[in-house]
Amino acid sequence: MESLESQNMEVSQLMRFQEKKRLEAIMNERRRIALDLHDGTIATLSAIKIYFKSFEVYFSKLDHEKRQLYRKAMSLLGQTAEEIRLISHNLNDGTIQGFGLKKVLNDFIDKIQESYQIEIDFIMHDLVDTELSSKKEIAIYRIIQEGIHNVVKHANATNIRIKISIIGKNIVLKIIDNGVGFNPLKSISPGIGLKSMKSRTESLNGVLSITSRIEKGVTIIVKIPINI
Ligand SMILES: Nc1ncnc2c1ncn2[C@@H]1O[C@H](COP(=O)(O)OP(=O)(O)OP(=O)(O)O)[C@@H](O)[C@H]1O
Ligand SMILES: [Mg+2]
């Protein structure tokens, strides 16, 4: 007959397992809503903005009051997209804790590969997971997320290579695609993705570099000191 002690242990193991499953389900659901908002609703709002903008050719026919109304509507549209982006980011941030960056990134990469015709090679040094504060984990996750979104949106690439390693006293992250490339010095995009990658890196005393040539893809390298 099993002792009471070992029966209790099994019950508490089962409870821990059920709690883990429950948390996983909540996190998956949050991540799904966050991604739907980001890839669905924000993308649709951006399309509406582009259509709406095409009305500007009729501006000369409008009086001052109507132009003001148009500008107000445009600005509200922009604000709404930004609010949804924030909600989506907040929903997603909590997903890293408890799972580890590697798992969360692998899940994200799987989702991207399911939705787009792109091959993603992902290598992450096992040590990195244990060295990272949650602020660093979130920053790295966001940077890779935006990097991948940019590739699928702009690059027309067939392959992305992502590597996270520890070199000396730094975590080094590389995102390399084989797409159409762009001139980082000439980019006058109103987008916030690259800016936010840079500011996340700098908030952790890191440096971000982008090298790219037309038709030769883009390489993004982020170096973040470990002990911050
Ligand atoms: N991997 C890439 N390949 C080709 N072009 C890129 C790549 N990454 C960025 N770009 C170019 O740099 C511009 C700026 O990117 P950024 O992420 O800042 O803005 P966005 O993607 O246009 O908008 P947002 O990120 O705010 O949704 C893009 O519009 C695109 O022209
Ligand atoms: Mg972007």
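Author: A residue is called buried if 20 or more other C-beta atoms, placed from the backbone, lie within 10 Å of its own, exposed if 12 or fewer do, and partly exposed in between. This is a predicted model, in which local features need pLDDT of at least 70, side-chain atom pairs count only at pLDDT 80 or more, and totals for chains, interfaces and linings use all residues. Residues are numbered from 1 along each chain as its sequence is written, and chains are lettered from A and ligands numbered from 1 in the order in which they are written.

Reader: Which residues of α3 are called buried?

Author: Leu101, Val104, Leu105 and Phe108 of α3 meet the buried criterion. They cover an arc of only 95° around the axis (taken from the directions from the helix axis to the C-beta atoms), which puts them on the same side of α3. An α-helix has 3.6 residues a turn, so residues three or four places apart point the same way.

Reader: What does the face of α3 turned away from its buried side carry?

Author: That face carries Asp110 and Glu114, which are exposed.

Reader: How do you know that the span of helix α3 agrees with its number of residues?

Author: The expected span is 1.5 Å times one less than the number of residues. Helix α3 has 15 residues (101-115), so it should span 21 Å, and its end C-alpha atoms are 21 Å apart, which agrees.

Reader: What makes domain 1 and domain 2 the divisions of the chain?

Author: Their bounds come from an automatic or database domain assignment, with domain 1 at 4-91 and domain 2 at 100-225. Their C-alpha centres lie 21 Å apart.

How values were computed: Helices (H or I, at least four residues) and strands (E, at least two) are DSSP runs, numbered from the N terminus.
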